[in-house]
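Here's a quick briefing to read with the model open on your screen. We'll start with the core, then move on to the pocket and the cysteines.

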Amino acid sequence: MPHIIAETATGTISFEAETGKKLVLALEDNGVDILHRCGGNARCTTCRVEVVVGDAGTMGPDEQAILSTKGDLAPNTRLSCQI
């Protein structure tokens, strides 16, 4: 199981995520209020996260395309709906 440490507006939380579960859903299941308006389709970017440590896997073409339209993002910015 992946171990997630999330620095949120209300503090840091740590939890084990179910293998294969989308990060956005694991965050929500553990009390993190994260927006995701497009239903996990890599369109809205409201579920952006910064992956500080670890491997989030390969970025798919849809995620890469939408993030390329946003300016000033860190190179480790990802969409939690795609991880």
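The largest nonpolar core has 18 residues, and keep in mind that this is a predicted model. Ile4, Phe15, Leu27, Ile34, Cys47, Val49 and Leu79 have the most contacts inside that core.

**The core**
- Strand E1 (3-8), helix H1 (23-29) and helix H2 (61-67) are the elements that each give two or more residues to this core.
- H1 chips in the most, with 4 residues.
- Take a look at Val49: setting aside neighbours within four places in sequence, it touches Leu23, Leu27, Ile34, Asn76, Thr77, Arg78, Ser80 and Ile83.

**The pocket**
- The largest pocket holds about 1000 Å³ of space.
- Its lining runs to 36 residues, with Ile4, Ile5, Ala6, Leu23 and Glu50 lying nearest the centre.
- Two or more lining residues come from each of E1, H1 and strand E3 (48-50).
- E1 supplies the largest share of that lining, 6 residues.
- By type, the lining splits into 19 nonpolar, 9 polar and 8 charged residues.

**The cysteines**
- You'll find 0 disulfides here.
- Cys38 and Cys44 aren't bonded because the sulfur of Cys38 sits 3.7 Å from the sulfur of Cys44, its closest cysteine sulfur, and a disulfide needs the two within 2.5 Å.
- Cys38 is buried, at 18% relative accessible area, while Cys44 is partly exposed, at 24%.

Technical notes: Residues numbered from 1 in each chain as written. Predicted model: local features only at pLDDT ≥ 70, side-chain atom pairs only at ≥ 80, totals over all residues. Heavy atoms only, no water. 1 Å grid on protein atoms, 1.4 Å probe; cavity = no way out; pocket = protein on both sides within 12 Å on 5 of 7 lines; lining within 4 Å. Points joined across faces, edges and corners; volume = space filled by probe spheres on them. Nonpolar A, V, L, I, M, F, W, Y, C, P; charged D, E, K, R; others polar. Core = buried A, V, L, I, M, F, W, Y, C linked by side-chain atoms within 4.5 Å. Buried < 20%, exposed > 50% of the residue type's maximum accessible area, 1.4 Å probe, protein only. Contact = heavy atoms within 4.5 Å.
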